[in-house]
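Reader: I am in my first year and would like to learn how to read a protein model step by step. Could you take me through this one with questions and answers?

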Amino acid sequence: MVEAVVARLDGAPVGERRRWSDEFKAQAVTAALEPGVNVSALARRLGISPPQLFGWRKAFLNKQGESDPGDSLAPLAEIVVGDVTIRVSPDLSEAALRRILRAVRSA
């Protein structure tokens, strides 16, 4: 006979698990996907463990692959206006792009 007893193991963390907002995760993954970025160094700068960021990045890439089986990531176009770099996907409408450029120029 096997009996399972659920109890806290000695040495296990007592506190609550940290929770990260979806916005924070999205910003971290976006930064991790930049060309030439050292993901481990980025994770340390953000105060999270590197495996955590690698996991978020992998989940994002898998989700992208499921939503668009032909392409893993759509190419982004870069537009530089002064000190601001704007990255847009090809499916962005012309009207939306005009609004973004107008907002950047007036700022």
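Reader: How many helices and strands are there in the chain, and what pattern does the chain follow along the sequence?

Author: This is a predicted model, and the chain in it holds four helices and two strands. Read along the sequence, these elements follow one another in the pattern α-α-α-β-β-α.

Reader: What share of the residues of the chain counts as buried?

Author: A residue is called buried when its relative accessible area is under 20%. The chain has 107 residues, and the share of them that counts as buried is 13%.

Reader: How much area does the chain expose, and what part of that area do carbon and sulfur atoms supply?

Author: The area that the chain exposes is about 8,800 Å². Within that area, the part supplied by carbon and sulfur atoms is 54%.

Reader: At what angle do helix 1 and helix 2 pack, and which residues meet there?

Author: Helix 1 covers residues 22–32 and helix 2 covers residues 39–46, and the two pack with their axes 10 Å apart at an angle of about 150°. Their crossing is right-handed. On the side of helix 1 the residues that meet helix 2 are F24, A28, A31 and A32, and their partners in helix 2 are V39, L42 and L46.

Reader: Which residues make the nonpolar surface patch, and is F60 buried or partly exposed?

Author: F60 is found in helix 3, which spans residues 50–67. Because its relative accessibility is 30%, F60 counts as partly exposed. The patch has an area of about 190 Å², and the residues that make it are L33, F60 and L61.

Reader: How many salt bridges does the structure hold, and what parts does the pair of E34 and R87 tie together?

Author: The structure holds three salt bridges. In one of them the side chains of E34 and R87 meet, with 3.4 Å from N to O. Since E34 lies in the loop between helix 1 and helix 2, while R87 lies in strand 2 (residues 84–88), the pair ties together parts that are 53 residues apart in sequence.

Reader: Are E34 and R87 buried or partly exposed?

Author: Partly exposed residues lie between the cut-offs of 20% and 50% relative accessible area. E34 has a relative accessibility of 25%, so E34 falls in that class. R87, at 40% relative accessibility, also counts as partly exposed.

Reader: Which residue meets E78 in a salt bridge, and what is the distance from N to O?

Author: E78 is exposed, because its relative accessible area is 52%. The side chain of E78 meets that of R87 in a salt bridge, and the distance from N to O is 3.0 Å.

Reader: How far apart in helix 4 are R98 and E94, and which residues are joined into one network by salt bridges that share partners?

Author: R98 and E94 form a salt bridge in which the closest N and O atoms are 2.6 Å apart. Both residues lie in helix 4 (residues 94–106), and because they are four residues apart there, about one helical turn separates them. R98 counts as partly exposed at 48% relative accessibility, whereas E94 is exposed, with a relative accessible area of 52%. Salt bridges that share partners, in turn, make one network, and the residues joined in it are E34, E78 and R87.

Reader: Where does L92 lie, and with which residues is L92 in contact, leaving aside its neighbours within four places in sequence?

Author: L92 lies in the loop between strand 2 and helix 4. With a relative accessibility of 33%, L92 counts as partly exposed. Once its neighbours within four places in sequence are left aside, L92 is in contact with L97 and I100.

Reader: With which residues is I79 in contact beyond its neighbours within four places in sequence, and what distance separates the C-alpha atoms of I79 and L101?

Author: I79 lies in strand 1, residues 77–81, and because its relative accessible area is 24%, I79 is partly exposed. Leaving aside its neighbours within four places in sequence, I79 is in contact with V84, T85, I86, V88, L97 and L101. Although I79 and L101 are 22 residues apart along the chain, the distance that separates their C-alpha atoms is 9.2 Å.

Definitions and conventions
Residues numbered from 1 in each chain as written. Predicted model: local features only at pLDDT ≥ 70, side-chain atom pairs only at ≥ 80, totals over all residues. Heavy atoms only, no water. Patch = residues over 30% accessible without salt bridge, like charges linked within 9 Å, V, L, I, M, F, W, Y side chains within 5 Å. Areas by Shrake-Rupley, 256 points an atom, 1.4 Å probe, with all protein chains shown as cover. Salt bridge = Lys/Arg side-chain N within 4 Å of Asp/Glu carboxyl O. Buried < 20%, exposed > 50% of the residue type's maximum accessible area, 1.4 Å probe, protein only. Axes fitted to C-alpha atoms, helices over the stretch in contact; angles between N-to-C directions. Left-handed = near helix turned anticlockwise from the far one by under 90°. Contact = heavy atoms within 4.5 Å.
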